[in-house]
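Open the model in your viewer and keep the sequence panel beside it. This tour tells you what to select at each stop and what you will find there.

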Amino acid sequence: MVLCAAAGKAAGGDEVRTALMDEDLVCSLTRQVKQEVVENYLLERRLIELQTEHLNSLAGAAIKQAHAVGLRLARVSSLMVEPEMRRRLDEILGLDPSGFWCSCLEARFRGQVRFISARALTKNAKFRKLVLESYSRLYSWMSQYEKAYTQMVEECAAVNRNIDGFQKNFDLMCIVNFLRGLDTVGIERKKILGENFTAQEMAALDQNLYIRPVSVEKLNVPLPLHLPAPEAIRGKLSTLADQVFASYPEKIRKILV
């Protein structure tokens, strides 16, 4: 009887140890799986960050290009000589008086854009050619800018699609709970996220892990102007150029020197 009881206790102890070992194994595997999920999260998050950096570089390049286009607009505007004629030009081009492009009208462009050489039999005809050619170049530059802007908008949409898919693929609450459950004085956080968290950072961890969609508006890239084609407004620009020359002949002669 004593032997049977001892054997029973031994068997019971083995079962407890086995159960504890199984439980430890399950906890270990669960922990490994969660850590792998976090590492995959960080990898995909880094890819999105790289895409966002590329988008920001496209936005920066587009802004520089917009300023270059603005110089061509300033050149056309300068040929109008006086505010009244500039207002007529604004009407023909459909400029928003409060927008980015209207702010370019007074920009200093000399020395920053190519000189335009126009030849004609009379000063009036030469000035008319100068106005038409200046606008033609503005239209060409704006068309190139519109392509760059469209590319940036398409890249922004692609980044936001990836962010949306990323948020759906990962359960942020599970990741947050897992990270908060790690030993705060251990090195595992450092191994997983590259640094240890302060108490304040841990409290806002769920907010830090969430990636917000990118807003095109917040990139502050000016909308391109939909300018009329040069041939569509050739008559209006020619008439305006003739009116400017007739009103301010001396000032125009100084421009043509």
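## Stop 1: the nonpolar core

This is a predicted model. Start with its largest nonpolar core, which has 52 residues. Select Trp101, Phe127, Tyr145 and Met152: these touch the most other members of the core. Now colour the elements that give two or more residues to this core: helix 1, helix 2 (83-93), helix 3 (100-103), helix 4 (123-169), helix 9 (234-247) and helix 10 (249-256). Helix 4 provides the largest share, with 14 residues. In soluble globular proteins, nonpolar side chains tend to be buried together.

Stay with Phe127. Which residues is Phe127 in contact with, leaving aside its neighbours within four places in sequence? Select Leu79, Ala241, Val244, Phe245, Ile252 and Leu256 to see them.

## Stop 2: the whole chain

Zoom out. Switch to a cartoon view. How many helices and how many strands does the protein chain have? The count is 10 helices and zero strands. From the N terminus on, the elements read α-α-α-α-α-α-α-α-α-α.

The protein chain has 257 residues, and buried residues make up 34% of them. Next, think about contacts with a separation of 6 or more in the protein chain. Residues 24 or more positions apart account for 81% of these contacts.

## Stop 3: confidence

Colour the chain by pLDDT. The average over the protein chain is 78. At least 70 is the score of 67% of the residues. Where is confidence lowest, and where is it highest? Select helix 6 (residues 188-193) for the lowest value, a mean of 47. Then select helix 9 for the highest, at 95.

Now select residues 184-192. Here pLDDT stays under 50. The model has 23 contacts beyond four places in sequence for this stretch. Keep the low score in mind as you look at them.

## Stop 4: the second largest pocket

Turn on the surface and go to the second largest pocket. Its volume is about 210 Å³. The lining is made of 14 residues. Select Thr52, Ile163, Ile211, Arg212 and Val214, which lie nearest the centre of the pocket.

Which element gives the largest share of this lining? Helix 1 (residues 2-78) does, with five residues. Colour the lining by class as well. You will find seven nonpolar, three polar and four charged residues.

## Stop 5: two buried residues in helices

Return to helix 9 and select Ser238. Is Ser238 buried or exposed? Its relative accessible area is 14%, which is under the 20% cut-off, so Ser238 counts as buried. Show Arg128 and Leu132 too, as Ser238 touches both of them, not counting residues up to four places away in sequence.

Move to helix 2 and select Arg86. Arg86 has a relative accessible area of 19%, so this residue is buried as well. Add Ser77, Ser78, Met80, Val81 and Glu106 to the selection. Arg86 touches these residues, again leaving out those up to four places away in sequence.

## Stop 6: two unusual phi angles

Most residues other than glycine have a negative phi. Two loop residues here do not follow that pattern.

Select Val81 in the loop between helix 1 and helix 2. Val81 has a positive phi of about 70°, although it is not a glycine. Val81 counts as buried because its relative accessibility is 15%.

Now select Asn220, in the loop between helix 8 (205-209) and helix 9. Phi of Asn220 is near 60°, also a positive value in a residue other than glycine. Asn220 is exposed, with a relative accessible area of 61%.

## Stop 7: two distances to draw

Select Asp96 in the loop between helix 2 and helix 3. Asp96 is partly exposed, at 44% relative accessible area. Draw a line from its C-alpha atom to that of Leu225: the separation is 9.5 Å. Along the chain, Asp96 and Leu225 are 129 residues apart.

Finish with Arg108, in the loop between helix 3 and helix 4. Arg108 is exposed, with a relative accessible area of 76%. Its C-alpha atom is separated from that of Gly70 by 9.9 Å. Arg108 and Gly70 are 38 residues apart along the chain.

Methods
Residues numbered from 1 in each chain as written. Predicted model: local features only at pLDDT ≥ 70, side-chain atom pairs only at ≥ 80, totals over all residues. Heavy atoms only, no water. 1 Å grid on protein atoms, 1.4 Å probe; cavity = no way out; pocket = protein on both sides within 12 Å on 5 of 7 lines; lining within 4 Å. Points joined across faces, edges and corners; volume = space filled by probe spheres on them. Helix = DSSP H or I, 4+ residues; strand = E, 2+ residues; numbered from the N terminus. Nonpolar A, V, L, I, M, F, W, Y, C, P; charged D, E, K, R; others polar. Core = buried A, V, L, I, M, F, W, Y, C linked by side-chain atoms within 4.5 Å. Buried < 20%, exposed > 50% of the residue type's maximum accessible area, 1.4 Å probe, protein only. Contact = heavy atoms within 4.5 Å. pLDDT = per-residue confidence, 0-100.
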